[in-house]
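Colleague: I would like to go through this model with you, one point at a time. Please give the reasoning before each value.

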Amino acid sequence: MKRALDILISAPLLAILSPIILLVAIGVAIDVGTPVFFRQTRPGLHGRPFDILKFRTMRNSRTADGRDRPDSERLTRFGCWLRATSLDELPELWNVIRGDMSLVGPRPLLMHYLPLYSDEQMRRHDVRPGLTGWAQVNGRNALTWEEKFRHDLWYIENRSLRLDLRILLLTAKSVIGRHGISHGESATMPEFKGSGTNAAPRDRGV
C-alpha cells in the first residue's frame, strides 16, 4: 500500500510540476551553472547505495589550495530561495518513482555516516528514505542530530498510511511557512561526528 501510494502521488505530481521543474532548471543553469542537477550517492533501504537527484544550489568555488569554500559562501541567493521553498528537492520525485525513496521516511544522509551510527540509529535504514519525514515536520534543520534520529526512530516504530498522510499535509504547511530551513547561523547542518548513544526515541504522539 505504501509503495502504491508513492507511485499514485509522485508520478502525476512529477507530470503536473514539469513546467516548474523546467523553469527551475533554467534558473539554476543561469545562476549556479551547469550541470543543473546535483547527484550524490546516499544510503537507501538496508543501507544500499543509490544516487539521489536534486537541483544544485551552490556554485563550484574553491580556495587557492584547492579546497571547497564554506557552504555559506558557495550558496547563491537563488539557491537559498530554492532551499527555502524546497524546490531543490523536486527531482527526488524521480527517485521515488524508481523505488530508491518513498514520499515519507527518514531523510537519506551521507554514506560515510553509516559507521558512525549506533545500532539503534542504524534502524533508520529499515525503511526506504523519504522525500519528507517526521523529523522534517518537527523542526527540520533546526533540530540537533540526536533529535533528528529520535524522530526518525519514532516514525519507524509508529509508521502507518495514516501517519504518512499526516506528514505530507504537515510538510506542505512547513514548506509554506519556511520553518527550519537552516541550522542556527549555518547554511547547512553541521557534519555528524557520531554520538555512541543507544537511547530509544521519546514518544511524541501523533
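Modeller: A residue counts as buried when its relative accessible area is under 20%. Keep in mind that this is a predicted model.

Colleague: What percentage of the residues of the protein chain count as buried?

Modeller: The cut-off for buried is under 20% relative accessible area. The protein chain has 206 residues, and the share of them that count as buried is 46%.

Colleague: Which pattern does the protein chain follow along the sequence?

Modeller: There are 7 helices and 4 strands in the protein chain. Read along the sequence, they follow the pattern α-α-β-β-α-α-α-β-β-α-α.

Colleague: Of the contacts with a separation of 6 or more, what percentage is accounted for by residues 24 or more positions apart?

Modeller: A contact here means heavy atoms within 4.5 Å. Among the contacts in the protein chain with a separation of 6 or more, residues 24 or more positions apart account for 72%.

Colleague: Which residues does Ile 9 touch, not counting residues up to four places away in sequence?

Modeller: Ile 9 is in helix H1, residues 2-16, and counts as partly exposed at 30% relative accessibility. Its C-alpha is 8.6 Å from that of Leu 103, although the two are 94 residues apart in sequence. With residues up to four places away left out, Ile 9 touches Leu 103 and Leu 168.

Colleague: How many bridges join S1 to S2?

Modeller: S1 and S2 form a hairpin with 5 residues between them. Across the pair, Gln 40 stands opposite Ile 52 in S2. The strands run antiparallel, and the number of bridges joining them is 7.

Colleague: In the turn of that hairpin, which residue has a positive phi?

Modeller: The residue lies in the loop between S1 and S2. It is exposed, with a relative accessible area of 52%. Its phi is near 60 degrees, a positive value in a residue other than glycine, and the residue is His 46.

Colleague: Ser 86 has a positive phi as well. Is Ser 86 buried or exposed?

Modeller: Ser 86 lies in the loop between helix H4 (77-85) and helix H5 (92-98). Its phi is about 65 degrees although it is not a glycine. Because its relative accessibility is 13%, Ser 86 counts as buried.

Colleague: Which residues does the cis peptide bond with omega of about -5 degrees join?

Modeller: The proline of this bond, Pro 35, lies in the loop between helix H2 (18-31) and S1. With omega at about -5 degrees, the cis peptide bond joins Thr 34 and Pro 35.

Colleague: Why is the pair of Phe 37 and Phe 55 stacked?

Modeller: The structure holds 10 aromatic pairs. In this one the ring centres are 5.3 Å apart and the planes are at 20 degrees, so the pair of Phe 37 and Phe 55 is stacked. The pair links distant parts of the chain, 18 residues apart, with Phe 37 in strand S1 (residues 37-43) and Phe 55 in strand S2 (residues 49-55). The cut-off for stacked is under 30 degrees, and the angle here is 20 degrees.

Colleague: Does accessibility make Phe 55 buried or exposed?

Modeller: Its partner Phe 37 counts as partly exposed at 29% relative accessibility. Phe 55 has a relative accessibility of 2%, and therefore counts as buried.

Colleague: What is the angle between the planes of Tyr 113 and Trp 145?

Modeller: Tyr 113 and Trp 145 form an edge-to-face pair, 5.7 Å centre to centre. The pair links distant parts of the chain, 32 residues apart: Tyr 113 is in the loop between strand S3 (102-104) and strand S4 (130-132), and Trp 145 is in helix H6 (residues 145-158). Both Tyr 113 and Trp 145 are buried. Edge-to-face needs planes over 60 degrees apart, and the angle between these planes is 85 degrees.

Colleague: Which residues do ring pairs link into a cluster?

Modeller: Tyr 113 and Trp 145 form an aromatic pair, and both belong to the cluster. The residues linked by ring pairs are Tyr 113, Tyr 117, Trp 145, Phe 149 and Phe 192.

Colleague: What is the area of the nonpolar surface patch made by Leu 22, Leu 23, Ile 26 and Ile 30?

Modeller: The protein chain exposes about 11100 Å², with carbon and sulfur atoms supplying 57% of it. In the patch, Ile 26 is found in helix H2 and is partly exposed, with a relative accessible area of 43%. Leu 22, Leu 23, Ile 26 and Ile 30 make a patch of about 450 Å².

Methods
Residues are numbered from 1 along each chain as its sequence is written. This is a predicted model: local features need pLDDT of at least 70, side-chain atom pairs count only at pLDDT 80 or more; totals for chains, interfaces and linings use all residues. Side-chain values use heavy atoms; hydrogens and water are left out. Helices (H or I, at least four residues) and strands (E, at least two) are DSSP runs, numbered from the N terminus. Buried means under 20% relative accessible area, exposed over 50%, partly exposed in between (1.4 Å probe, protein chains only). Rings of Phe, Tyr and Trp (its six-membered ring) pair if their centres lie within 6.5 Å; planes under 30 degrees apart count as stacked, over 60 as edge-to-face and the rest as tilted. Accessible areas come from the Shrake-Rupley method with a 1.4 Å probe; for residues, only the protein chains shown count as cover. Patches are made of residues with over 30% relative accessible area and no salt bridge: like charges are joined within 9 Å, nonpolar side chains (Val, Leu, Ile, Met, Phe, Trp, Tyr) within 5 Å. A salt bridge is a side-chain nitrogen of Lys or Arg within 4 Å of a carboxyl oxygen of Asp or Glu. Two strands pair if DSSP finds at least two bridges between them.
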